[in-house]
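Open the model in your viewer and keep the selection panel at hand. Each stop below says what to select and what is there.

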Amino acid sequence: MVIALAVRERANCIGRKVGAIIVKDNRIIGTGYNGTPEGMQNCEDGGCIRCKKYRKKSQSYDKCICVHAEQNAMVTAARFGHSIQFSTIYTTLQPCFTCTKEFLQAKVKSVYYLEELDKPTDAHEKTEEEKDFDEQYHILINRFEKHPTKIDKNMLVDSINNIKDYLTK
């Protein structure tokens with residue numbers, strides 16, 4: 001996960017920076033961060049209208065031009081000829097509905113994430129639509145060999161402190 005955090009630093013999305021890596025047979029076979037497609041104006045430079053003008057937390061991702069970190073990691077692995085079947089994904093953000101479906105189609109065996117997707121903060125009663133999509137998402141995640149797992153940030157502290165110690169020597 002520490003490597004996914006480092007990859008995240010390359011992200012150029014003004015909404016949120018996300019990094020992901022794909023590991024298979026103890027080797028990193030793909031890395032990705034979120035941002036606009038190659039050759040297009042960066043999000044932070046106004047390349048994504050959704051992020052610039054219409055961004056609301058966890059809404060309208062289907063209208064965002066930015067490619068998700070997990071998608072970029074899958075494309076990178078494919079570009080270099082690596083199958084991600086039976087691989088493990090480490091991502092700094094809980095995968096969205098679309099990325100989760102793509103992982104299942106590619107036969108990814110497990111997913112680890114650091115932060116959860118935003119949940120609505122107002123104390124409103126969930127609509128039938130929200131309940132239905134929550135149920136559908138849970139059906140998807142239960143199809144993995146190992147249920148997607150949130151990583152406790154405290155587990156990363158020792159690794160990060162070891163890196164800091166090394167860099168300050």
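Contact here means heavy atoms within 4.5 Å. This is a predicted model, where local features need pLDDT of at least 70, side-chain atom pairs count only at pLDDT 80 or more, and totals for chains, interfaces and linings use all residues. Residues are numbered from 1 along each chain as its sequence is written, and side-chain values use heavy atoms, with hydrogens and water left out.

**Stop 1: F103 and the core**

Select F103. Which residues does F103 contact, leaving aside neighbours within four places in sequence? They are E70, M74, I89, P95, V108, V111 and F144.

Now widen the selection to the largest nonpolar core, which has 20 residues. A nonpolar core is a set of buried Ala, Val, Leu, Ile, Met, Phe, Trp, Tyr and Cys residues joined through side-chain atoms within 4.5 Å. Buried means under 20% relative accessible area, exposed means over 50%, and partly exposed lies in between (1.4 Å probe, protein chains only). F103 is among the residues with the most contacts inside this core, along with I22, I84, I89, V108, V111 and F144.

Colour by element next. Helices (H or I, at least four residues) and strands (E, at least two) are DSSP runs, numbered from the N terminus. Strand 1 (19-24), helix 3 (69-79), strand 3 (88-93) and helix 4 (97-105) each give two or more residues to the largest core. Helix 3 gives the most, with 4 residues. A second, separate core has 10 residues, including V7, I21, Y112 and L156. As background, nonpolar side chains tend to be buried together in soluble globular proteins.

**Stop 2: helix 3 against helix 4**

Show both helices as cartoons. Axes are lines fitted to C-alpha atoms, for helices over the stretch in contact, and angles run from 0 to 180 degrees between N-to-C directions. The axes of helix 3 and helix 4 come within 9 Å and cross at roughly 30 degrees. Helix 3 is therefore roughly parallel to helix 4; angles under 35 degrees count as roughly parallel, over 145 as roughly antiparallel, 65 to 115 as roughly perpendicular and the rest as oblique.

Turn on side chains. From helix 3, E70, Q71 and M74 meet T98, C99, E102 and F103 of helix 4. By class, this contact has 3 nonpolar, 2 polar and 2 charged residues. Ala, Val, Leu, Ile, Met, Phe, Trp, Tyr, Cys and Pro count as nonpolar, Asp, Glu, Lys and Arg as charged, and the others, Gly among them, as polar.

**Stop 3: the sheet**

Hide the helices. Two strands pair if DSSP finds at least two bridges between them. In what order do the 5 strands of the open sheet lie? The order is 2-1-3-4-5, with mixed pairing. Strand 2 and strand 5 (149-150) are the edge strands, each pairing on one side only.

Walk across the sheet:

- Strand 2 (residues 27-33) pairs with strand 1 in the antiparallel sense over 6 bridges. V23 has I28 as its bridge partner in strand 2.
- Strand 1 and strand 3 are also antiparallel, over 4 bridges. Look for I22 with I89, then A20 with T91.
- Strand 3 and strand 4 run parallel, joined by 5 bridges.
- Strand 4 (residues 110-115) and strand 5 pair in the parallel sense over 2 bridges. Y113 stands opposite K150 in strand 5.

Bring helix 3 back. Helix 3 packs on the sheet, touching strand 1, strand 2 and strand 3, and its direction makes about 135 degrees with that of strand 2.

Switch to a surface view. In strand 1, 5 of the 6 residues are buried, so strand 1 is largely enclosed by the rest of the structure. Strand 3 is likewise largely enclosed, because 5 of its 6 residues are buried.

**Stop 4: the hairpin turn**

Select D25 and N26. The hairpin of strand 1 and strand 2 has 2 residues between the strands. D25 is in this loop, and so is N26. Check phi: D25 is near 50 degrees, a positive value in a residue other than glycine. N26 also takes a positive phi, near 65 degrees. Are they buried or exposed? D25 is exposed, at 68% relative accessible area. N26 is exposed too, at 78%.

**Stop 5: Y90**

Finish in strand 3, where Y90 lies. Y90 counts as partly exposed, at 23% relative accessibility. Y90 stands opposite Y112 in strand 4. Beyond four places in sequence, Y90 touches M1, A4, G19, A20, I21, V23, Y112 and I151. Draw one last distance, C-alpha to C-alpha: Y90 and I22 are 68 residues apart in sequence and 6.4 Å apart in space.
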